[in-house]
Amino acid sequence: MNEKTAKRFNLSWSRLYEYGVYVIFLLMVIVFAFSNPHFFTVKNAILIVEQSSPLMLGVCGMAFVLMLGGIDISAGANMYLSAVTSALVMQKFAAANGPGGPAVYLIGISTALLVGAAIGLVNGCFIVKFKMVPFIMTLAMTSVLTGIGLILTKAELLPVRASGFQPSSIRVGPVSMVVVIVLIFTVVFHYLLKYTVYGRQLTAQGNNEEAARKLGIRTERNAIIAYVICGAMAGFGGVLSAGQVGALSSNFAKGNEFDIIPAAVLGGISLFGGKGSILPGAVIGIVLVNTITNGLTMMAANPYVYTIVRGVIIFIAVMLDSINYKGELR
Amino acid sequence: MSTDILTLKGIRKSFFGTEVLHGIDISIRKGSVHGLVGENGAGKSTLMNVIGGVFHADEGEMMVDGKPYLPQSPKDAQKAHIAFVHQELNLFSNLTVAENLFIEDLPLGAFKQVKYKQMEKETIKYLKDFQVNVNPKTKVENLSMGVRQSIEIAKALIINADVVIFDEPTTSLTKVEKDQLFRIIADLKARNVTIIYISHILEDVFELCDDISVLRDGSLVATMPAEETSRDDLISLMVGRKLENVYPTVEKTIGEEVLRCEHIASGPLVKDASLSLHRGEILGVFGLMGSGRTELMRALFGLDKLSGGEITYKGKPFTHHTPKQAIEAGIAFVTEDRRDEGLLMPKPVEENLLLVHLPALAGKLGVVDRKKGEDLADQSIEALHTKVQNKKTQMACNLSGGNQQKVVLGKWIMHEPEVLILDEPTRGVDVGAKYEIYTIIQERAKEQSCVLVVSSEMEELMGICDRIVVMSAGRMAGEIERSEFEQNSIMEMALAGGEKA
Ligand SMILES: Nc1ncnc2c1ncn2[C@@H]1O[C@H](COP(=O)(O)OP(=O)(O)OP(=O)(O)O)[C@@H](O)[C@H]1O
Ligand SMILES: [Mg+2]
């Protein structure tokens, strides 16, 4: 009954806010553009795309978990710990073999992927096998991961660039290699979700798990894989982001899940499972979120304002999802 | 002598320590249509789930075609060429028709990509055999219940099955769709496919089946050829006693008008509907699928907005109300779609039963009188003979299909509504429970409530109603008093506007 009333409510109001998100977005861009001449420039647009890229990987992974009706709050902490371990391994490697060279990249990225995937595996196993509530499980995981990261770094600044890991310095035309890699991954994951057996069965199971089980779909395995993908992508995003920043502080990637999840949800992936896709919605979502962050920074707004804005974004995203928003963005 | 395709020996199954199947022995003849009947909660679906590999039997063995058969999952059942149409729909509403049909075995291309084009083409071709006319790209959430059930049936038959299990397949089919299903069953039989058919509509069972088995309380009480038994025999085997009447009667008086609606229009289906309802009256609403009967009830209850017309309730205008206001005013609505709209599946039975009446149980400080609630829940379970093991711990989703329905009905009746709107109140409910439900309807009327019953079973309406109004294409096609009830004239009225599905 709830869903149906919501739909009906939605029908009568849909006109009004069909383009609502765009209107708000446009207004903000105009305000930013007027308050800082550097905002509305090609250079800044590229910067926004660069900044969005590592998080976009997180969104790709999160899409799988959300499709299932689950959630992974530990994405930010995962980015942090994966980046830290990877940075430490690269440091060791560089100390032995000298900094730079493709080997550093290979080792750095594989470490992050592995650590991230392992974290996802633990999340997935506990959630699936012990039927733990995803929110609580991954919340607990956040705390554990952050703690391990702080111990490993002794809460000191950890340099990344010194090992020769600078993916953002390799340029491909106007953008860096990071953007290109992320674009490729985005397309691949979109494909995985929309055009493979795994993706379609995951979507089905997010809609009606009981039925999926009765059809003999391997629901538990699929769910665990989704968390592993989510974890691995967070790890990957973490190390790329670390390469952009150049050094890891104890605040690195903190709270990134609250950019990733709303971006996915604004992009049309429902928190209730079974709905949405990565292209184009989720991409637009993450760019939108980053544009707002960027604009606020350029306005030299009080840094605490950002926290409030982030809250408002989450609020809007979840509200639109709850009333079954089917506006233009989706 | 024909051979048995499926043999079960000593099948036992327990849920949480309660045994629901007590050693079932049954043999199904190859190429026969085997009917399985029994009360709600007798264990029919559970037994089929064991055969279909959804549940594992705790004890016992099965043979398919003389070979041992030990399914570990539904996949194994498919491999043994056993197809299963479940009692509840198992479709994914967020996927397209084509995806739903092929989800277990999606056609893949060179890059392991799903070949949508090919899948959609095959879907069209395949559904044509079932005379289901839908675009394969349509999402299932946009389809009517009847079409969904047809798709579910088509989907089960996609594997070249030797045995097909139908667990109450007709609950949301229109007349036309049902005839279509019966043709399909006849076709399957002609191809020597074995069919197990579960239904509470005994007429259908007699029409289709060669053999009939009766389950009672988890035991098989009889298996016999259909021609050697009768409807009455079956019923007494099912319920363990003789049922004298199909429809109870009570003495009651009909009083003043309570609810009146004039020229109501709502949504695309209700165009111009009027009716009036009196104290103590049982009014039937008959109409074919798509005639707007369900939508009219939704509008009366405030679930759908009116686009025209007026409702008067107890002499006062009552037009733009919300469902909450309707409940407060004493109107209750038992919807047709109980699974989605009527129950909190992961909640215990008691909580579900008390849901509507809860505010009335609260004392001065808003504290709920638990004792009283428990008593009321017990009364409801008893009155409807709901089969519940433990009302506090058993979740609604663990009840048998028919018993879920009894819970929905029970929770509304507990509130003692002044106007009780029932949409298909006995669908999926066994014969014994039907009688209980009719009795409750009569009693509500006797206590001077009014009852509106929507049903597609005309006989049922003729059995319990004081008056029947017939809807056709969103309009009132006629009205008949009890003394003039006659099947043909009612049907003619219903058909007058044409069945526009
Ligand atoms: N998953 C479950 N967990 C616990 N108990 C269950 C479960 N499924 C069924 N039961 C119980 O097993 C008994 C038999 O249920 P079953 O669904 O087989 O009945 P049925 O004969 O199909 O009835 P109906 O005609 O109402 O569909 C019921 O008492 C029900 O409460
Ligand atoms: Mg059943």
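## Surface, contacts and metal site in a two-chain model

Met132(A) counts as partly exposed because its relative accessibility is 32%, a value between the limits that define buried (under 20% relative accessible area) and exposed (over 50%), taken with a 1.4 Å probe and protein chains only. This is a predicted model, in which local features need pLDDT of at least 70 and side-chain atom pairs count only at pLDDT 80 or more, while totals for chains, interfaces and linings use all residues. Residues are numbered from 1 along each chain as its sequence is written, chains are lettered from A and ligands numbered from 1 in the order in which they are written, and side-chain values use heavy atoms, with hydrogens and water left out.

Met132(A) sits in the loop that joins helix H5 (102-129) to helix H6 (134-153) of chain A, the helices being DSSP runs of H or I with at least four residues, and strands being E runs of at least two. Together with Val122(A), Phe126(A) and Phe130(A), Met132(A) makes a nonpolar surface patch of about 350 Å²; such a patch joins nonpolar side chains within 5 Å, each with over 30% relative accessible area and no salt bridge.

Two members of this patch are also found among the 15 aromatic pairs over all chains, a pair being two rings of Phe, Tyr or Trp (its six-membered ring) with centres within 6.5 Å, stacked if the planes are under 30 degrees apart, edge-to-face if over 60 and tilted otherwise. Phe126(A) and Phe130(A) form a tilted pair, with 5.5 Å from centre to centre and 45 degrees between the planes. Phe126(A) is partly exposed at 34% relative accessibility, whereas Phe130(A) is exposed, with a relative accessible area of 58%. The pair of Tyr195(A) and Tyr116(B) is edge-to-face, because the planes stand at 85 degrees with the ring centres 5.5 Å apart. This pair crosses between chains, reaching from helix H7 (residues 177-195) of chain A to helix H4 (residues 116-129) of chain B.

Side chains of opposite charge can pair when their charged atoms come close. The count of salt bridges over all chains is 34, each one a side-chain nitrogen of Lys or Arg within 4 Å of a carboxyl oxygen of Asp or Glu. The table gives some of them.

| Salt bridge | N to O distance |
|---|---|
| Arg29(B) and Asp211(B) | 3.0 Å |
| Asp76(B) and Lys79(B) | 3.8 Å |
| Lys371(B) and Asp375(B) | 3.0 Å |

Arg29(B) belongs to strand S2 (residues 18-29) and Asp211(B) to strand S9 (residues 211-216) of chain B, so this pair ties together parts 182 residues apart in sequence. Asp211(B) is buried, with a relative accessible area of 9%, while Arg29(B) is partly exposed at 33%. Asp76(B) and Lys79(B), by contrast, are 3 residues apart within helix H2 (residues 74-79) of chain B, about one turn of the helix.

The magnesium ion (ligand 2) has as its protein donors Ser45(B) (OG) and Gln87(B) (OE1), which lie 1.9 to 2.1 Å from it. Ser45(B) is in helix H1 (residues 44-51) of chain B and Gln87(B), 42 residues apart from it, is in the loop between strand S6 (82-85) and helix H3 (97-102). Donors are N, O and S atoms within 2.8 Å of the metal (3.2 Å for Na, K and Ca), and sites may look incomplete because water is not among the atoms.

Key
Patch = residues over 30% accessible without salt bridge, like charges linked within 9 Å, V, L, I, M, F, W, Y side chains within 5 Å. Areas by Shrake-Rupley, 256 points an atom, 1.4 Å probe, with all protein chains shown as cover.
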